[in-house]
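Biologist: I am new to this one. Could you walk me through how the labels are earned?

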Amino acid sequence: MIAAIDPEAARTRSSVRVRFCDTDLMGIVHHANYLAYFEMGRVEWLRRRGVTYADWAAGGLHLPVVDADVRYRAPARFDDALVIEVRLVELRAASLRFEYRLDRQSELLAEGSTRLACVGATHRPQRFPPEVLAVLLSPENRPPSTDAQEGS
């Protein structure tokens, strides 16, 4: 790791409501959609630190997922109100790892992690620029987005 991560500053919680199109014929959220919920939480994690993926992509910086892990604990269903907790738990020179927890009220539905690589416009690994590291190590500085709370 290249920097110490403050566990409290590295955490964001946001909300999403299960859409009908996220469910399968059994009426529960299809297993692949949990990764989409993790991504929604990760996008909100950045937004609350004042940046978006689009901001970084426009500057030639990309963060592709290179590893993903999901452990399913209980099913989510249409119209459930879910809370996604995202924590940055590891920051290396050219990659990072987030951990996720997806809850319905106090019930754990899924947990997992993703590793993202830092790549440039040529899609080759590169070190995180200092200004990106500063964002990644910062606490939330914006109020929660209403988009995430509405499930957008």
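Modeller: Gladly! Let us begin with a definition: buried means under 20% relative accessible area, exposed over 50%, and partly exposed in between, with a 1.4 Å probe and protein chains only. This is a predicted model, where local features need pLDDT of at least 70, side-chain atom pairs count only at pLDDT 80 or more, and totals for chains, interfaces and linings use all residues. Residues are numbered from 1 along each chain as its sequence is written, and side-chain values use heavy atoms, with hydrogens and water left out.

Biologist: Why is tyrosine 72 called partly exposed?

Modeller: Its relative accessible area is 42%. That value falls between 20% and 50%, so tyrosine 72 is partly exposed.

Biologist: And what makes tyrosine 34 count as buried?

Modeller: Tyrosine 34 has 2% relative accessibility, and the limit is under 20%, so buried is the right word. Over the protein chain, 44% of the 152 residues count as buried.

Biologist: How many aromatic pairs does the structure hold?

Modeller: There are 6 aromatic pairs. Rings of Phe, Tyr and Trp (its six-membered ring) pair if their centres lie within 6.5 Å; planes under 30 degrees apart count as stacked, over 60 as edge-to-face and the rest as tilted.

Biologist: Why is the pair of tyrosine 34 and tyrosine 72 called edge-to-face?

Modeller: The ring centres are 5.2 Å apart, and the planes meet at 80°. The angle is over 60 degrees, so this pair is edge-to-face. Tyrosine 34 sits in helix 1 (residues 33-47) and tyrosine 72 in strand 2 (residues 65-72), so the pair links parts of the chain 38 residues apart. Helices (H or I, at least four residues) and strands (E, at least two) are DSSP runs, numbered from the N terminus.

Biologist: What makes the pair of phenylalanine 98 and tyrosine 100 tilted?

Modeller: Their planes are 40° apart, with 6.4 Å centre to centre. This angle is neither under 30 nor over 60 degrees, so the pair is tilted. Both residues are buried, and ring pairs link them with Phe38 and Trp45 into a cluster.

Biologist: Which pattern does the protein chain follow along the sequence?

Modeller: The order is β-α-α-β-β-β-β-α-α, with 4 helices and 5 strands.

Biologist: How do you know that the chain is as compact as a globular protein of that length?

Modeller: The radius of gyration, taken over C-alpha atoms, is set against the globule rule, 2.2 Å times the number of residues to the power 0.38. The protein chain has 16 Å, close to the 15 Å that the rule gives for 152 residues, so the description holds.
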